[in-house]
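Hi,

Here is the structure I promised to pass on. Have a look at it first, and then read on for what turned up.

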Amino acid sequence: MRARSHAVLAASVVLALAAGPLAAPAFAAPPAPASRFADQRGPAEEALRAAIAGLPDQYATAALVRVGTTGGDWHGSAGVRDLASGRPAHPDARFRAGSVTKVVTAATVLRLAAQDEIDLDAPVQGYLPDLFTPDFEQPISVRHLLNHTSGIKPGDGLGDDFAELYAHRYDTLTPQQVAASAIAKGPEDFVPGTRQQYLNINYTILGLLIEKVTGRSYASEATRLVLRPAGMHHTYFPGTNPRIRGPHNRGCQAAEGPDGTTRLVDVTEWNQADRWAAGDMISTTADLERLLTKLFRGKIVPQPELEEMFTTPAGVTGATMSAGLEYQEADGQVFWGKSGGRYGYNAFIGGTRDLSRTLVCAVNSTDAKGTGRNPVVDAITAAALR
């Protein structure tokens, strides 16, 4: 791959980190050319080491990276376990995976669809009649939820900025309350399936759907259908527990104080109940790598349901999201993945569909929910795609 192509693809993947009658809609998959990474001898180890050297710095306190290629793998870690002690970052640490949870939720729904327990083309209103109001006249299919074309408005949270959210970090806002607040706002002014709008609420409602059709909790079904088959033995859903079990590197958020100076606030402990099926999973880079490889190889979701994860809705301008994943393309190379961000933690999993190049990373960003670019994440991604 030419140098310019490397830069464009790296930038594209980094951007992904920044977070009528009901008939089967038409879908279009992006091209799947032969991988340009297939002839690579292996990861660019020197560049990867340089990408995470010098941590902690103003952008991140720790980083865990796993790169896979046809020529070999590279695993690395840098930074500190906590700023107070300065101990080296734990290389097998658990962390908040944020919206990477959506990959597991989508896979769970698709497993249930493969077992004929869920019809992807059926209106979700029929599955959850007590949730939806008569205002939702247009049928919203399960597939619309999976690919973020439902037209459901976002649910309420516990605050509008970091300071307000931090003050409520030990409080519980249930998924049922989040879903009810979203439905109470009424539908968006577009027909479901005609516009793509990335929102957590789609996956919150998918979590409710999983519980309704199985009669069991979201966590138990996602564990049974996805985590166990993937061999993700160090991954779990915390519920209302604000703590991270097991070894972990503490997360910090840069916050401006009353005097105008910036300080790092420890945000490791946080009740993520409202994120739930959209973003509360706690995992490790090794577990997420297992998820990525087994999922792409068809070991978790069978065909033809697996194609939903590599297919974007046709006729939707600018659509890049499928069921649980998002693709970026540059110079003919397609990279499928998913990013996640909770305060103190950013995560990303992704790869070419043939798995000739994969990247899994967790970065303890000091502004994990910010809209700006993180130089540490940029450097990791660029090095991984060399």
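By a cavity I mean a set of grid points where a 1.4 Å probe fits but cannot get out. Keep in mind that this is a predicted model. With that meaning, the largest cavity holds about 50 Å³ of space. Its lining is made up of Lys-102, His-148, Tyr-198, Tyr-203, Met-321, Ser-322, Gly-324, Leu-325, Glu-326 and Lys-338. Sorted by type, the lining has four nonpolar, three polar and three charged residues.

Next, helix α12, which covers residues 375–384. Its buried residues are Val-376, Val-377, Ile-380, Thr-381, Ala-383 and Ala-384. They span an arc of only 165° around the axis, so they sit on the same side of α12. That fits the usual helix geometry: with 3.6 residues a turn, residues three or four places apart point the same way. At the N-terminal end of α12, Asn-374 acts as the cap, with a side-chain oxygen 2.8 Å from the backbone nitrogen of Val-376.

Then there is a hairpin made by β5 and β6, with five residues between them. The strands, residues 252–256 and 262–266, run antiparallel and are joined by five bridges. Cys-252 stands opposite Asp-266 in β6. In the turn, Gly-260 has a positive phi of about 90°.

One last residue to click on is Leu-206, in helix α8 (residues 201–214). Is Leu-206 buried or exposed? Its relative accessible area is 0%, so Leu-206 counts as buried. Thr-108 is 98 residues away from Leu-206 in sequence, yet their C-alpha atoms are 9.5 Å apart in space.

Cheers

Technical notes
Residues are numbered from 1 along each chain as its sequence is written. This is a predicted model: local features need pLDDT of at least 70, side-chain atom pairs count only at pLDDT 80 or more; totals for chains, interfaces and linings use all residues. Side-chain values use heavy atoms; hydrogens and water are left out. Buried means under 20% relative accessible area, exposed over 50%, partly exposed in between (1.4 Å probe, protein chains only). Helices (H or I, at least four residues) and strands (E, at least two) are DSSP runs, numbered from the N terminus. The arc is that of the directions from the helix axis to the C-beta atoms. A polar contact is a pair of N or O atoms within 3.5 Å; within protein, one must be able to donate a hydrogen and the other to accept it, and residues adjacent in sequence count only if both atoms are side-chain atoms. On a 1 Å grid over the protein atoms alone, a cavity is a set of points where a 1.4 Å probe fits but cannot get out, and a pocket is an open set with protein on both sides within 12 Å along at least five of seven lines; lining residues have an atom within 4 Å of a point. Grid points are joined across faces, edges and corners, and a volume is the space filled by probe spheres set on the points. Ala, Val, Leu, Ile, Met, Phe, Trp, Tyr, Cys and Pro count as nonpolar, Asp, Glu, Lys and Arg as charged, and the others, Gly among them, as polar. Two strands pair if DSSP finds at least two bridges between them.
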